[in-house]
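This report covers one pocket and one of the helices that line it. The model is shown first.

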Amino acid sequence: MATVRRSDEVLELPDDVPVVALRDLVFFPYMVLPLLIGRPASLAALEAASTHPDGLLVLVAQRDPSCEAPLQDDLFPIGTAARAVQVTELPDGTRRVVLEGLARVRLDSVESGAHGLRGRIRPFVERECEPGAAISAETEALTRSVTRQFSDYARLHERVSDEVSPSLSETRDRVRLAHLLSGHLLLTPPEKQRLLECATLEEHFEVLQEFLVRELEILRIEEKLEEQIRSQMDSDRRQFYLNEQLKAIHRELGTEAGEEWIELERAVQAGELPGPARERAERELKRLRKLNPVAPEAAVIRTYLDWLLALPWRARATATPDVAAAADILDEAHHGLGEVKDRILDHIAVLSVVGELQGPILCLVGPPGVGKTSLGRSIAGALGREFVRVSLGGVRDEAEIRGHRRTYVGALPGRVLQGMRRSGTTNPVFLLDEVDKLARDFHGDPGAALLEVLDPEQNRTFTDHYLELEYDLSGVLFVATANTLAGIPEPLRDRMEVIRLPGYLDTEKRVIARRFLWPRQRDRHGLDGGTVLSDDTIDAVVSLYTREAGVRELNRRVSRIARKLARTRAEGGGAPDSVEPDVLEALLGPPPYLPPELADDRDRIGLANGLAWTAAGGEVLDVEVAVVPGSGEVRLTGTLGDVMKESAMAALTYARSRARRLGLDPNFHTDVDVHVHIPEGATPKDGPSAGITMAVALVSALTGIPSAARVALTGEITLRGRVLAVGGIKEKAVAALRHGVRTVVLPRANEPELALLPDEVREGVRFVPVTTMDEVLEAALVGRPRDHGTSPIPLSPQ
């Protein structure tokens with residue numbers, strides 16, 4: 001039992017008392033405050049205190065207010081012993097307790113039990129009152145300064161009652177005054193805890209003065225800002241009054257319209273606006289004359305009129321398309337792409353005959369880097385029209401297409417009308433780039449908004465939300481680009497005529513590098529016109545340093561060669577007249593790819609080559625199958641999609657149904673585990689095209705018969721062994737030629753597409769159309785499974 005002297009009593013403190021943890025609150029001695037207590041542990045501690053004769057408990061602040069069940073480490077070490085003056089139970093089970101702070105205590109330990117928290121305590125200081133000895137002059141001066149500062153604080157702070165300052169000034173005990181001042185300051189709990197833990201009176205008043213100086217500075221700044229705002233409001237009222245007087249003076253003098261209004265009126269009268277647009281412009285101009293020039297509404301109307309006047313309503317490009325000249329322009333800008341150019345020239349021919357073209361919108365679909373965007377620019381040049389490009393990648397708000405209504409701050413027309421304004425004509429070539437990457441969310445569906453833009457029956461009366469007038473888009477030639485059709489909504493795809501760009505052959509890439517890429521990079525890097533890349537060097541770059549459908553990586557490699565040569569010249573060396581293959585490794589580093597003739601040509605068991613279509617063009621993928629002793633488990637790895645997993649299971653079921661014909665034990669599947677894996681596991685893969693490839697790899701692994709290394713397969717398999725058609729034949733065939741594949745096995749249903757392949761592909765690859773899996777195995781396996789008996793199943797690929 002310890003004692004603490006207060007100004008009005010000597011308090012006896014027991015060694016063990018109940019503890020109530022407080023959130024966002026620090027309780028000081030001499031304070032009397034009501035608290036709501038609702039946590040079970042706190043209610044138990046309050047109940048335990050009420051059963052004790054002295055009714056004491058300790059109030060201590062939590063370090064983390066979000067902690068629901070605090071323990072000793074969650075509490076500050078210094079708290080306040082208090083006594084419950086009044087307890088009222090509320091209907092929801094909580095209790096409203098009026099508490100009186102008595103003295104500060106230190107918690108040596110805290111334990112949690114059935115009766116809540118209990119702590120071992122000892123007094124923090126021996127006296128919670130002013131000592132009997134005389135106070136120094138410095139302490140007296142500090143006390144008076146803090147009292148005056150608190151009076152200013154209470155006057156400036158709206159949350160501190162006006163009655164607090166007079167009542168505190170009557171307090172004679174300086175310790176009691178310090179605690180009461182601390183309790184009434186609106187500080188953070190850690191700052192109040194710092195005040196609670198001040199061991200001496202001088203320290204307590206010094207910390208109080210520190211906080212009061214800071215808070216007073218903030219309050220004075222806030223008061224200054226409020227005064228400035230009030231002054232500004234008065235100034236605005238004065239400005240409005242003077243503007244109204246000025247307008248009255250203008251009316252009396254007959255000069256109401258300012259120079260700006262006169263210029264707008266002249267522009268409206270001189271502009272080639274259609275009837276509805278002219279009426280709307282005159283109506284908005286009439287509204288503008290009645291407004292204060294500095295009013296926000298006036299700025300909105302001026303911007304609207306600027307857009308009305310800037311849009312092309314009647315201006316057209318009058319050049320007559322010439323098919324022969326258009327063909328020369330396309331050939332000059334793009335090598336190859338014969339079928340694509342032919343279809344574009346068909347459209348240009350119709351335009352040259354009838355003057356306009358109403359029909360499907362052109363959609364150029366192909367992998368990155370094949371020239372879709374530049375083709376759109378070439379079409380504009382061939383037609384003699386302006387070219388406008390709008391990127392739709394990542395657009396997810398319908399207002400990006402139709403514009404925002406003028407009720408929104410900073411509203412503007414959509415991208416369609418912005419492009420028309422840039423073109424300055426009503427019949428530009430309008431490129432909608434990356435149309436397959438449109439997004440949709442709660443803002444709306446921009447793909448649905450494009451339906452009106454691209455539909456020839458609707459775009460004559462296209463209405464932008466900002467303009468709120470019909471605008472004729474029927475003269476615009478829209479061209480869209482995409483990497484894949486999968487990302488284009490079906491209704492939008494239905495309004496387009498798809499032109500596929502399958503990718504460039506290696507021979508085409510060599511010509512492109514020689515005619516286009518190297519001259520451009522040579523000039524860009526300041527090299528002499530005589531510096532050339534030899535044909536052998538270009539061949540080496542194409543075959544050893546790139547493996548793509550387009551030419552972007554090829555352009556980067558050529559650019560790197562030019563940079564290396566430019567650096568050599570900058571360092572004082574001379575750039576060679578011709579770059580030969582033997583210096584490529586020094587310029588570009590080790591080649592990342594092997595030439596097709598050096599690739600692994602050995603026939604392999606349990607491995608087959610598949611052809612896949614991707615957004616970046618065709619690819620050759622390996623399918624690996626391993627057969628190991630087990631209990632019939634099938635594992636599929638390589639980040640496979642659901643359709644590809646189903647194809648693997650169909651291939652396994654086919655093998656089981658043909659076990660005897662393949663020379664296998666009909667019950668082979670009960671004694672082995674089958675593992676199907678497609679390498680490059682980090683890349684997701686899906687689709688039915690790998691069905692017959694997985695079947696060939698599986699049969700090869702089960703029978704021990706190797707598959708041909710230079711044969712690639714594509715086709716969907718059924719349980720009965722039929723081979724069904726798949727898509728992307730052109731891209732897959734080009735990829736097969738690029739990877740050195742000599743034979744491609746494909747569904748017979750896709751045979752008509754072979755006529756559309758370039759001559760180089762048809763001459764370099766042998767195509768084997770098949771209908772059943774028996775034909776597939778005949779073409780892909782090096783040997784045939786026996787038609788009777790059984791053969792041992794190899795446990796792993798050889």
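In this predicted model, four helices each supply at least two residues of the lining of the second largest pocket. They are listed below with their residue ranges.

| Helix | Residue range |
|---|---|
| α10 | residues 323–333 |
| α12 | residues 372–383 |
| α17 | residues 506–524 |
| α19 | residues 552–570 |

The largest share of this lining, four residues, comes from α17. The second largest pocket has a volume of about 500 Å³. It is lined by 23 residues, and the closest to its centre are G369, V370, G371, S374 and V551. By class, the lining has eight nonpolar, nine polar and six charged residues.

Helix α17 bends by about 45° at A513. A513 is also one of the buried residues of α17. The others are D506, E508, K509, I512, F516, L517, W518, P519, Q521 and R522. What covers these buried residues includes the helices α10, α18 (535–544), α19 and α23 (729–738), together with the strand β17 (532–533). Thus α10 and α19 appear both in the pocket lining and in the cover of α17. After α17 comes G526, with a positive phi near 75°.

On confidence, the chain averages a pLDDT of 83, and 92% of the residues score at least 70. Over residues 786–798 pLDDT stays under 50, and the model has 36 contacts for this stretch beyond four places in sequence. Where pLDDT is low, predicted coordinates should not be read in detail.

Terms used:
Residues numbered from 1 in each chain as written. Predicted model: local features only at pLDDT ≥ 70, side-chain atom pairs only at ≥ 80, totals over all residues. Heavy atoms only, no water. 1 Å grid on protein atoms, 1.4 Å probe; cavity = no way out; pocket = protein on both sides within 12 Å on 5 of 7 lines; lining within 4 Å. Points joined across faces, edges and corners; volume = space filled by probe spheres on them. Nonpolar A, V, L, I, M, F, W, Y, C, P; charged D, E, K, R; others polar. Bend = angle between axes of the 7 residues up to and from the residue. Buried < 20%, exposed > 50% of the residue type's maximum accessible area, 1.4 Å probe, protein only. Contact = heavy atoms within 4.5 Å. pLDDT = per-residue confidence, 0-100.
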